[in-house]
Amino acid sequence: MSVITDQQPQDPPPGLRSRTRRRVADPAFRWFVTLTGTSVFIILAAMVVRTTTEAWPIFQHQGFFGFLTGDRWVSGGSRSDDPADFTGVYGAWPFIYGTMVTALIAIVLALPLALCIAFYINQLAPRRLRKPLSYTVEMLAAVPSIVFGMWGLFWLVPNVLRPFFTWLESWAGGFFLFEGPVFGPGYLAAGIVLAIMILPIITAIVREVIAVNPLDQQNAAYALGATRFEVMRKVILPSSFSGIVGASMLGLGRAVGETIAVMMLIGSTKSWDSSLLQRGDSMAALIASLFKEATPEGVRGLMAIGVALFLFTMVINVAARLLVWRIGRVAGDAAV
Amino acid sequence: MRNWRAKTAALAAVSALALSACGSDSDSNGDGNGGNGGSGDAAASEGSGLSGTVTGAGASFPDPLFQEWIAEYTQQVEPDVTINYQSVGSGAGVEQFIGQSVAFGSSEEYLDDEALEEAAGARDCSAVQFPVVFGAVVIAFNDEALDGLVLDAETIAKIYDREITNYNDPAIAGLNPDMDLPDQEILPVHRSDSSGTTFVFSNYLDKEVPAWSDTYGASKELEWADGTLGGDGNQGVAQGISQNPGALGYVNQSFALEAGLSVAHVVNADGEAVAPTLEATSAASEEAEVPENFQFTIDGIGGEGYPIAGTNWIFTYTCGYDEATTDILKGFWTWALESERADELANELGYAPLGDELTERVLAEVEKTNSEA
Amino acid sequence: MSATSDLKPAERGAGERTTPTGHRPLRETQGNAARRAVANRVALTVLTVAMVVAVIPLVLILFKVASEGLAAVGWNFFTLDEPTYRVEEAGYRAGFVGTAYIMVGAILMAIPLGLATAIYLVEYGRGRLASFVRFFTDVMTGIPSIFVGLFVYGLLISSGAIFHTGFSAFAASLAIAIIMLPIVTRSSEEMLKLVPDEWRNASYALGASKSRTVLTTVLPAAAPGLATGSMLAVARGVGETAPLILTALGSRYLVTTYFSDAQGAVPLQIHSGAMQPFEAGVERAWGGALSLFVIVLLLVVAARFVGSRANKLG
C-alpha cells in the first residue's frame, strides 16, 4: 500500500521537455483537461441562467418574495410570456414548507439510526461481518426511488403506517403535531419512507468519518478505564461531530430533492398544515405532478419552483460541504 | 491501453446510431418514428397500401383508448402505418399543434376563436376540430354498502367544499330516502396531478352549481378545500379511497369499471338518478347539443344521460400535409369513428362512442383535413 | 479493536487489583462503575437492535418486489412492447431499449468529461481554480434530479428552447449525464490519487512527457478503480425517474431514433403502469421494478468486485 497524500504529483524535470511534438502535445493536453475541468462552472451557470430566464416572468408577475411567501397556487392558462397576461397565482410557501417538514422528519428518524448502525459496524461487529453488513445497508441505496414509491403506496402505508397513525392519533391527537384526521398518505408517511431512502448515504459517510478517528485516542481512553460506550460517546463522537453534521446535511439535501416517492406518498394538496399526519406537497413532487398537463404559463411557474428548490438545496449543500471539508476529505461520499 | 479499442468501437457504434437517427427523419409534419411492436402478425396483411408515420400529441384523458385504437389500426388494419400519439397533456398538445410540430393535436377543451385564429395565422389555412369520443367521470366509494347512493351536483359540490361532512347529512338523506345511511365522516379524495379528469369533474360542478363556480371554477388543477386528500393519478385516488373508511373520490369511468369500485348514481338535469353505465354516457353524448363549429361543453344533460361527462377534440389543418399524412389522418379517424371494432374497444375501456347522427357530422368534418391544399 | 475492556460484573470489584506501581485502575476507584457498566450494556444493545431494524425495510421491499414481480418476468417481458396495459402478452422491450439508449448516451457524455476533470484535478489542478472546481463538483452532487430535468427541458424542449430537439433520448441522456458527472469526477479523482508518485517519476525517468505519463501510466494503473466509480455512477443514473418525465416523456413502443421522438424508459413505464387499473399492467410494473433493482444491484456488485481487485493491485 502506497502512501496517500493530498499533495500534487511532481512535474517531470524541465530538462526532459525537448522534442517538438511533445512541446505541442503536452500543453494541448493540459489545456484540454483544464477546459473540461472548468466545464462544471459552465454547466452550473447554464442551469441557473436557463431556468431563471424561463421563470423570470413569474417572479415579475408575483414578486420574488411574494412568490416565496404566497400560499396559493393556481396555474394560469395563458400562452404568452408577458407577465401582464398571466392569469395564475403562484405562491410557493406550502411546497417549501412541505419540503422542509418531510426532509426534517427524514433526518430526525434516519440520523440516530445511521449513527447507531455506523458505530455498530465500526466498533462492535465482528471484523468478518463488517463489510457484508455495510454492503447490506448500502443495498438500500440500490433500490430506485420509483420502487420505494410503489412499495410505500401499495404495502407500507395501508399495512403498517395507517394503523400506526391511527394509534398515534388516538394516543397523542391532542398535540398539534399529531392532530387527526388520519389519512395514511401525508407528511409523516413521506418522511418515514424518505428516512429509509437516505439511511444508506448517511450511514456510509458517518462510517467513514468515525473510521478516520485516531486509534491512539481511543486506546488512550480505554487505558483510562473507559467503557466502549464511553469511548464512542466521549472520544469518537465529539471529534467526528462536524463530519456527522455534514453527513446529515448531505442526507437532508438528498431528501429535499427526492421526487417520485414523495409524490406518491405525500397525499398532495396545495395547502399546508402543522400536523404531521396531514397532507401537503413538496417542491419536487409538485413539479413532477403538474408538469404533464401544464400550460406554457404553468411550466414557467414550475420553473420558478425549480429555481426555489435549487436555491434551497444549494444553501444546504454548501453548508454541508464546508463542514465535511473541515474534517478533511471523506472518501466515498459521492458513491451511490 | 487495452480499453482503447473497446472505447473506439463503442464510439463508432453510437455515431452510426446517431447517423441513422438523422437519416430516418421524415417530413415536417410527422417526423415521429414510433415503430410498432409485433406488427408481424400474419392476419394483418389486409392493408390498403397506406404507409407512413403520423405524430399526434395532447390530452391524457383519452390516452388509454387512443393507444388501443392505434395498436389495433396499425396491427390489423394498416400494417404499414405508424401513428405515434404522445399524451403530453392538453396544454402542450394545443401548443405543439399551433407550433406545427405534430400532425394532429388533441384536448379536452375545444379551441376557442382566438386559438383558431392563432392556428390559422401559423399555417395560412384554418384548423378543423372535431370530437371523437365521450368519457364519464364517476364518484366512487370506500364502503360497498354505499353502491348506488344518489347524489346531485349541489351535494357533490358541498361534499368537496367540506360543507357536508357526514353520510347521514339531511341533504344526502333527502336524496336517498330508502337507504340506511351510516354515521360516517366523509373524506373527499381528489386528483393531485393536473388532469383532464379533474377538468371534466370541475367543469360539471362549475356549470351546475353557482357557488362552485365562484370559489373553484373549472380547471385541470384546483385549490381544494382543507380536509380533502390528494392522490397521484387515478390509481392514487383509488388507493386513497380504498385505504380510508368514509372516503369518496372521482375517477375515470374506465378506471372504476375495471377496478370494480362502488359508485354513486348522479341526478341529471331532468331529475333522474342515473347510474354511470356506458349506455348512460352514450345517452349523454346524444343529449348534448352540438353546434356547427363543434364548440360545446357537455352540460345540462337530461333524459337517460349520465351528467358528468366530457369529450375529446382532435385538431387538424385544412392544408399543408403531404398526401400520405392526409390519407393516414383521414383513414385512421374515419376508422376510429365508423368501425365496429373501434366502438367495441371504446366500450371495453369504458369510453362511449359518438351517437349515429353526430358521427355523420364529424365524418364530414374529418374530410376537411387538407381540403384546401 | 486492540483494547477491549471487559466489564463483567463478577470481575469488577473482585478485591484489590493494584498495578506494580501501586495505582488502581480508574474504573475501580470511581463509585459509579456499576451504573457505567449498565449504561454500556444498554447502549451496546441499542446499537445491535438498530442494526437489525435497518435491515428490516430492505428485507420487506425485496420480498414484496420479488413476490409480485417474478410472475411477470419471462421471455415475453423482454421481447414484446406494451401497446396497452390490458393485454396479457406484453412486455417492457420499449423501456429496456430506451433505457439502454439513454444510458449509452449518458455514459459517453459523463465518463470522458468526468475523467478529464479528475485528471485535471489530480495532475494539473493547483491553487484556487482547482479547489473551486472540486467544491462545485461536490455541490453539483446535491442538485435535485428534477431540477436537472427542468434545465434540460428549458434547454432542448420548451418553446423558448435554445437548441430545439423536443422530447428525445438525447435530452434524457443529457440530464442523466449531468447527474452522473460529479459522481464520476469525484470517484475518479480518488482513484487517480491512489496511484503512487513513484510510478509517475519512473515514467518521467524513462523520458515520457507528462501527458504521456498520465495516459499510459496513471490511467491504466487506476483503471479498475475508475471502472468502479463509473459503474456506481451508472447505477445511480439508471434508476432515475423524475428527470425522465421532463425529458424522455416515455413511449410504450420501441423507438429507434436518438435525437427526436419521445423515448421510453423502464422507470417511466413502471410509473405509468403502476398508476392504471389493469391487473396485467400493474403486475408488469412490479416485474419492471424487480428487473430495475436487479440491474442496479448487478452494477453495484460488479463495481465492488472490480474495486476490491483494484485495491489488491494498488
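Let's start with confidence. This is a predicted model, and chain A averages a pLDDT of 85. In that chain, 90% of the residues score at least 70.

Where does confidence in chain A run highest among the helices, and where lowest? The top is helix H3, residues 93-124, at a mean of 94. The bottom is helix H11, residues 296-326, at 86.

Now the weak stretches. Residues 1-6 of chain A have a pLDDT below 50. Leaving out near neighbours in sequence, that stretch makes five contacts in the model. Residues 329-336 of chain A also have a pLDDT below 50. Here the model shows 27 contacts beyond near neighbours in sequence.

Next, find helix H10 of chain A, residues 283-291. Is it mostly covered or mostly open? Mostly covered: nine of its nine residues are buried. Walk along the helix with me. It begins with A:Met283, A:Ala284 and A:Ala285, which are buried. Then come A:Leu286, A:Ile287 and A:Ala288, buried too. A:Ser289, A:Leu290 and A:Phe291 are also buried.

On to the contact between the chains. How many residues does each chain give? Chain A gives 27 and chain B gives 24. Look at the side of chain A that touches chain B. Four helices give two or more residues there: H5 (145-172), H9 (260-265), H10 and H11. H5 of chain A gives the most, with four residues.

What kinds of residue make up that side of chain A? There are 11 nonpolar, nine polar and seven charged.

To recap H10 of chain A: its nine residues are buried, and H10 is among the helices that give two or more residues to the side touching chain B.

Key:
Residues are numbered from 1 along each chain as its sequence is written. Chains are lettered from A and ligands numbered from 1 in the order in which they are written. This is a predicted model: local features need pLDDT of at least 70, side-chain atom pairs count only at pLDDT 80 or more; totals for chains, interfaces and linings use all residues. pLDDT is the predictor's confidence in each residue, from 0 to 100. Two residues are in contact if their C-beta atoms, placed from the backbone, lie within 7 Å. A residue is buried if 20 or more other C-beta atoms lie within 10 Å of its own, exposed if 12 or fewer, and partly exposed in between; C-beta atoms are placed from the backbone. Ala, Val, Leu, Ile, Met, Phe, Trp, Tyr, Cys and Pro count as nonpolar, Asp, Glu, Lys and Arg as charged, and the others, Gly among them, as polar.
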